[in-house]
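Me: I'd like to learn how to read ring contacts and cysteine links in a model. Can we walk through one together?

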Amino acid sequence: MKKLIVFVILFFISLNVYAVDVPACTDSEMTRLKEIANNVSFKKSYQIDDEEDDSVSFFYNVDIINFDSDLKISYLDSLSDEDERINLNSGQEIPTVFYEGSSVKFSIYAYTNNLCTGKLLKTVTLEFPVYNDYYYFNKEKCQNNMNFKYCKEYLDVSEIEFSKIDKLFDEYLQKNEVQSPNKKKINWYILGGGLGILMVVIVGLIVFLNKKLKKDRW
């Protein structure tokens, strides 16, 4: 209630009405407010809303962590027909969901009983990446082949059919099967070469020691 009164007072101050003495916005107060604004974090989580044969409807929820009572957070709801701006006070939860492929800028303002109220302290932009539908329906084989181009958990595959990805996946497996024996051969060559060098060193050392022992005897 007090903070609401301050906002009303500020409105009248903007009209050159100075009848009420409101605490000034000092540098130390702004430093304090910026510190608590920097402690604010946004935690993303996602849910699968609907599942079809080869696609899923996917959205994000966001929780605000360390939302102090001296702060107010504002963001633009892009899903609203009128691009409504949502204003949140401490203790309030974000009422909207965010869909993949979007980004949202959260503005953190001071909300105090002094002239710092309403000042912008920090902005945080959250990206909501597109979830890979192919990964969702092929988790087992993707988790065993994470280097395959289309096995990333977050990737937009809306422009390519699953049948084509499956074909590329088979080609990827065949290519790896061809490379694997070659890699084994190379490893054997390296091991064999290493053993050969070691044998030469041992034989050379034995010959050197024998010559030295014979020399010492004489």
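**Cysteine links and ring pairs**

Reply: Sure, and keep in mind that this is a predicted model. Let's begin with C142, which counts as buried because its relative accessibility is 0%.

Me: What does C142 form a disulfide with?

Reply: The idea is to look for two cysteine sulfur atoms within 2.5 Å. Here C142 pairs with C151, and their sulfur atoms are 2.2 Å apart. C151 is buried too, with a relative accessible area of 0%. The link of C142 and C151 is left-handed, with -75° about the S-S bond.

Me: How many disulfides are there by this rule?

Reply: The count comes to two. C25 and C116 form a disulfide as well, with sulfur atoms 1.9 Å apart. C25 sits in the loop between α1 and α2, while C116 sits in the loop between β6 and β7, so to speak a link between distant parts of the chain, 91 residues apart.

Me: Is the disulfide of C25 and C116 right-handed or left-handed?

Reply: Check the torsion about the S-S bond: for C25 and C116 that is about 95°, so this disulfide is right-handed. As for exposure, C25 is partly exposed at 25% relative accessibility, whereas C116 is buried at 0%.

Me: Now the rings. How many aromatic pairs does the structure hold?

Reply: There are 21 aromatic pairs. One of them is Y46 with F58, a tilted pair at 4.7 Å centre to centre and 35° between the planes. Y46 belongs to strand β1 and F58 to strand β2, so the pair ties together parts that are 12 residues apart in sequence.

Me: Are Y46 and F58 buried or exposed?

Reply: Y46 is partly exposed, at 37% relative accessible area. F58 counts as buried, at 1% relative accessibility.

Me: Which other ring does F58 pair with, and how do I classify that pair?

Reply: Look at the angle between the planes, since under 30 degrees counts as stacked. F58 and Y131 have ring centres 4.7 Å apart and planes at 20°, so they are stacked. That pair links distant parts of the chain: F58 is in strand β2, and Y131 is in the loop between β7 and α3, 73 residues apart. Y131 is buried, with a relative accessible area of 3%.

Me: Where do charged ends sit over rings?

Reply: Two cases to look at. The charged end of K44 is over the ring of Y60, 5.9 Å from its centre. The charged end of K141 is over the ring of F169, 4.5 Å from that ring's centre.

Methods
Residues numbered from 1 in each chain as written. Predicted model: local features only at pLDDT ≥ 70, side-chain atom pairs only at ≥ 80, totals over all residues. Heavy atoms only, no water. Phe/Tyr/Trp six-rings, centres within 6.5 Å; stacked < 30°, edge-to-face > 60°. Helix = DSSP H or I, 4+ residues; strand = E, 2+ residues; numbered from the N terminus. Buried < 20%, exposed > 50% of the residue type's maximum accessible area, 1.4 Å probe, protein only. Lys NZ or Arg CZ within 6 Å of the ring centre and 35° of its normal.
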